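Colleague: I have not looked at this structure before. Could we go through it in questions and answers?

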Amino acid sequence: MPKQALSGKDERGRGTLRHPFRIARSSVADDEWVWRVDLEADFGHFNGKVRRMADAKGESTGIGRLSGHLVLFVVGYFLSAALANWMSRGAGSTLVFWLPSGVSLAALLWREPRQWPWFMAAALLSNGILDLAYGKPVLVSAWVSLGNVAEAVVGAWMVRRWVGQCPDLSKPRDLVGLAGYGGLLAPILSATVGTWAMRAVRPEMDWMPVWVSWWLGAAMGVVVAAPAILCFRVPSTVHADWRRVPVLLEAVSVLVLTALLASETSRIEAAGAPGMRFLLFPVIGWAAFRFGTRGAALATVVAAVSAAWSLREALGRIAVPSQGWPSLWLAVHGGLIIAGFTGLLLAALFAEGRRRESELRANRHRLEAIIDACPMALIAVDREYRVRLWNPAATALLGWSAVEVLGMPAPFVAREDVEEMKNRVDRLMAGVTYEGVDRRYVRKDGTRVDTRLWTVPLRSADGSIHSTLALVLDVTQLHRTQEALRESAHRFDSLIESTHAGYFFLDLEGRYRQVNAAWLRMHGLATAEEILGRHFSATQTSESLEYAKEVVQRMLSGEGGISGESERRRPDGTVGHHMFSANAVVKGGAIVGVEGVLIDTTERRRLEERLRQAQKLEAIGQLAGGVAHDFNNILAATLIHLGLLKADATLAPEARETVDELKAEVLRGAEVVRQLLAFGRRSMLVRRPIELNQVISGMRRMLERLLGEQVRCEFALAPSLPAIEADSGMMEQVVMNLAVNARDAMPSGGLLRLSTSRVVSRARGDAGELAEPRLCVCLEVSDTGCGMEESTIRHIFEPFFTTKEVGKGTGLGLSTVYGIVRQHQGWLEVNSQPGSGSTFRVYLPAVDASPAVPAPTPSTPPVEGGSETLLVVEDDAHLRRLLAVSLCRAGYRVIEAPTGKEALEAWKARKAPIDLVFSDVVMPDGISGSELVRILREEDPDLPVILTSGYSAELVQEGAPIQQGVMFVQKPLDLSQLHATVRQALESRLRSV
């Protein structure tokens with residue numbers, strides 16, 4: 001197809017095709033398709049030109065046909081008028097048989113009212129010419145012509161008003177309208193005008209007989225001529241085969257007999273024997289019965305012409321006398337009018353009867369076809385419970401043929417249901433109807449079928465019920481489908497109610513119409529009645545409402561499934577989180593709502609948050625441990641420097657005090673490092689069974705001094721607490737940090753309460769998971785301070801997080817507490833509200849052991865040096881050099897090595913035996929201190945070894961277990977501790993030797 005055709009434009013841009021092609025594909029069978037192509041063309045200017053040409057041609061054809069009809073009308077008018085005048089006595093007399101009245105009326109009824117002026121003019125002209133030709137005065141001729149034309153127009157108008165169109169003489173109503181309005185009422189006008197005109201010329205004339213004769217002649221002309229013309233306008237209601245000779249002979253015989261009877265009866269009546277005209281009735285009636293309206297009309301015309309001819313032959317030219325009543329003409333014309341109208345009426349009645357009979361026959365055939373084609377079984381039962389109607393659908397449903405059941409008791413009713421069926425039929429006969437009643441019937445093969453029936457009464461002409469008709473539908477498959485649907489719905493409801501996912505259904509207005517138990521639990525509701533009928537915004541937080549509205553609107557507009565995450569608001573004000581998946585619900589091609597499921601993610605999000613927090617703390621703990629390890633080397637070097645400086649005998653007393661102060665500051669730094677190691681779980685723990693009450697009691701005075709006078713400290717220690725396995729120093733650190741944190745939360749003073757109790761609780765892991773319940777000792781530290789918000793509580797155990805001003809807090813106090821408690825397999829809980837204080841609960845697992853009694857600390861005598869050879873292995877060059885210097889001053893010979901590999905080389909290159917190895921555990925070249933000890937002890941199993949590290953002994957053991965007999969000291973260590981440890985290790989070898 002050319003491009004311009006598809007686009008609807010020609011090369012000049014004018015429209016050529018309004019809709020070029022519309023192709024639709026419709027399914028005819030599973031593997032067959034029919035393509036329909038509709039083409040609508042609009043040829044624009046050419047199309048308009050063709051239309052105008054067609055209109056012009058039609059107009060030309062219409063004018064030609066009108067001209068032909070006018071010619072025929074004028075010819076018919078002249079012939080009928082000539083016949084009437086020929087039978088009259090000439091000028092100055094009134095005619096009693098005026099056929100042109102019927103011709104004019106028929107012509108106007110045949111044509112449309114817009115064409116009447118042409119026929120009126122033709123009738124007026126024809127009538128005037130005829131009257132002038134027969135010698136009538138011009139004035140009389142003009143008035144008579146006007147009266148005749150007015151009669152035709154008024155009669156045609158009244159008849160059309162009655163029937164609405166050109167009358168169909170095969171219908172009694174149309175025939176009565178034609179005879180009544182056109183034959184009886186309209187001639188009054190022409191008779192009145194004509195009689196008035198003639199009396200104006202002849203005043204002595206007796207006008208009453210003339211008026212009656214004129215009116216009767218015009219009426220007879222209408223009854224005779226108009227039906228004979230109009231009956232050919234519509235098809236005949238009698239289908240006679242005119243090609244058959246008997247039919248033609250019968251028609252000719254009827255016309256001849258009519259002519260003879262009309263002629264003879266008229267001659268006899270003219271001779272003075274009245275009543276003979278009624279002999280025409282049987283003949284005209286037979287013509288009406290055999291040949292319909294056309295036969296009756298033609299017989300009437302033949303009878304009228306024959307009667308007029310006979311009277312003319314018997315009496316001379318037919319005319320009404322100027323004086324007196326023409327009783328003979330009244331009788332003859334009246335009889336012919338009655339006979340003709342009776343024949344036409346009988347023909348119309350016969351046609352109506354045939355038409356109704358045909359309609360009844362057609363209706364019966366249609367009813368039988370409908371009954372046979374009805375897909376539902378139709379069964380009629382009479383009062384004797386016998387079957388009277390049985391269609392093919394009943395045979396297909398129940399198996400019996402119509403021959404087998406008609407007139408027989410209903411065989412499809414089971415024996416046990418016969419009495420119930422009879423009672424039901426009796427109620428139906430009384431006028432009761434059933435709609436959609438389910439019944440089970442028996443098929444011919446003995447199987448049962450589920451049916452649903454509707455009943456209607458069948459009444460006789462007198463209104464009595466003679467039988468009842470049942471429309472029976474097979475619902476066996478429907479029942480199975482309904483049962484399957486009920487089972488499916490039950491399974492669906494059970495699934496929805498048993499699932500842990502929350503289910504919901506929203507209508508088009510966004511209101512909840514269905515929710516399951518899981519959805520109610522998620523939203524903190526007890527029953528569905530609390531939410532059904534409410535808008536979904538009732539369960540949304542202010543932050544999630546707009547997103548929820550957007551999702552619902554997108555789904556109601558036809559978008560597919562949508563998934564995401566959102567928040568929900570519970571009646572108690574708490575907020576939950578969930579993942580959702582929702583879809584639009586479509587029914588009958590239209591969206592009726594939205595349904596979806598929710599998966600509660602509140603706990604998972606909380607666990608994820610705690611896991612992230614734990615991972616963050618672990619990472620920071622590793623960083624803190626590394627920093628503490630390096631810082632311990634610096635502190636160790638500082639302590640050795642201070643020790644060397646203090647050992648100088650020439651040191652002034654003021655300088656010695658300064659050295660002591662510096663040493664105290666270094667020890668304070670060591671305490672900070674210890675906190676970092678505790679936070680990173682890299683501190684050295686000395687765990688033993690202890691009683692928490694003893695730890696707290698031993699700190700009472702220190703806590704009172706630490707808290708100050710504005711904070712009142714209250715102790716509530718439960719008696720007979722079980723022991724816990726813990727490091728006493730770490731527990732003191734926990735209590736101290738919690739007390740300091742509480743003091744800082746009460747700047748204006750308050751109450752600090754420390755209490756202990758014995759509880760059974762669940763341990764929590766790093767991700768917040770719950771373990772089995774176990775016996776614990778709970779330390780509760782509560783204050784009356786400013787309290788904290790929920791957002792602050794979530795971060796208080798993070799390292800370096802603090803709410804204090806810059807310079808007033810390190811942010812390590814609570815994080816250190818958290819690290820120590822986790823090292824002891826415990827956990828913490830915090831409750832706090834702004835303005836209501838805070839409560840910290842520390843849960844520590846109890847052990848089944850007695851608390852250890854601490855041994856008294858022995859007095860340490862002064863340590864002397866020695867002359868042994870020592871191998872010092874330390875990667876920190878400054879610390880290594882200080883260790884060597886301090887040991888050399890004590891009299892030892894020192895060999896230095898920065899790495900484990902160089903230490904092995906020094907061992908192999910030694911010239912004298914090495915009496916002791918002092919090594920750091922963490923080494924940079926891949927050979928740790930423990931690995932170095934293992935290698936060296938393979939050659940000298942009794943070699944004294946001292947290992948040192950910034951980490952605790954437990955962590956050192958985790959990396960590489962310390963061999964038996966190896967001593968371990970944790971950094972930082974001062975000069976006296978170093979010398980004592982070295983001396984102890986050397987003497988242990990001497991004792992073993």
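Colleague: Let us start with one residue. In which helix is the place of Ala287?

Modeller: This is a predicted model, and what follows should be read that way. Ala287 lies within the stretch of residues 280-315. That stretch is helix α9.

Colleague: Does Ala287 count as buried or exposed?

Modeller: The relative accessibility of Ala287 is 1%. Buried means under 20% relative accessible area. Ala287 therefore counts as buried.

Colleague: Leaving aside neighbours within four places in sequence, which residues is Ala287 in contact with?

Modeller: Contact here means heavy atoms within 4.5 Å. With the neighbours within four places in sequence left out, the partners of Ala287 are Val254, Gly292, Gly295, Ala296 and Ala299.

Colleague: What separates the C-alpha atoms of Ala287 and Thr300?

Modeller: Along the chain, Ala287 and Thr300 are 13 residues apart. Between their C-alpha atoms the separation is 9.6 Å.

Colleague: Now the chain as a whole. How many helices and strands does the chain have, and what percentage of its residues count as buried?

Modeller: The chain has 28 helices and 24 strands. It runs to 993 residues. Of these, the part that counts as buried is 43%.

Colleague: Among contacts between residues at least 6 apart in sequence, what percentage join residues at least 24 apart?

Modeller: The set to consider is the contacts in the chain between residues at least 6 apart in sequence. Within that set, the part joining residues at least 24 apart is 63%.

Colleague: Next, helix packing. Is α3 parallel, perpendicular or oblique to α5?

Modeller: Two packed helices are described by the angle between their axes and the distance between the axes. Helix α3 (residues 100-110) and helix α5 (residues 138-163) have axes 9 Å apart and pack at an angle of about 50 degrees. That angle makes α3, relative to α5, oblique.

Colleague: Which residues of α3 meet α5, and how many residues of each class are in the contact?

Modeller: From α3 come Ser101, Ser104, Leu105, Leu108 and Leu109. They meet Glu151, Ala152, Val153, Gly155, Ala156, Val159 and Arg160 in α5. By class, the contact has seven nonpolar, three polar and two charged residues.

Colleague: Is α20 roughly parallel or roughly antiparallel to α21?

Modeller: The axes of helix α20 (residues 700-707) and helix α21 (residues 728-744) are 10 Å apart, at an angle of about 25 degrees. Angles under 35 degrees count as roughly parallel. Therefore α20 is, with respect to α21, roughly parallel.

Colleague: Is the crossing of α20 and α21 left-handed or right-handed, and which residues meet there?

Modeller: On the α20 side are Met702, Leu703, Leu706 and Leu707, and on the α21 side Val735, Met736, Ala739, Val740 and Arg743. By class, this contact has eight nonpolar, no polar and one charged residues. The crossing is right-handed.

Colleague: Turning to sheets, which are the edge strands of the open sheet that contains β9 and β10?

Modeller: Five strands form this sheet in the order β9-β8-β12-β11-β10, with antiparallel pairing. An edge strand pairs on one side only. The edge strands are β9 (512-515) and β10 (562-569).

Colleague: Over how many bridges do β11 and β12 pair?

Modeller: Strand β11 covers residues 575-587 and strand β12 residues 590-600. One pair of bridge partners is Lys587 and Ala590. The two strands pair in the antiparallel sense, and the count of bridges is 10.

Colleague: What is the order of the open sheet with parallel pairing?

Modeller: This sheet has five strands. Its edge strands are β21 (893-897) and β24 (967-970). The order is β21-β20-β22-β23-β24.

Colleague: In the pairing of β22 and β23, which residue stands opposite Phe918?

Modeller: Strand β22 (residues 916-920) and strand β23 (residues 945-949) pair in the parallel sense over four bridges. Opposite Phe918, in β23, stands Ile946.

Colleague: Last, the hairpin of β18 and β19. Which residue in the turn has a positive phi?

Modeller: Strands β18 (residues 827-832) and β19 (residues 838-847) pair in the antiparallel sense over six bridges. Between them are five residues. The turn residue with a positive phi, of about 85 degrees, is Gly835.

How values were computed
Residues numbered from 1 in each chain as written. Predicted model: local features only at pLDDT ≥ 70, side-chain atom pairs only at ≥ 80, totals over all residues. Heavy atoms only, no water. Axes fitted to C-alpha atoms, helices over the stretch in contact; angles between N-to-C directions. Parallel < 35°, antiparallel > 145°, perpendicular 65-115°, else oblique. Left-handed = near helix turned anticlockwise from the far one by under 90°. Nonpolar A, V, L, I, M, F, W, Y, C, P; charged D, E, K, R; others polar. Pairing = 2+ DSSP bridges. Buried < 20%, exposed > 50% of the residue type's maximum accessible area, 1.4 Å probe, protein only.
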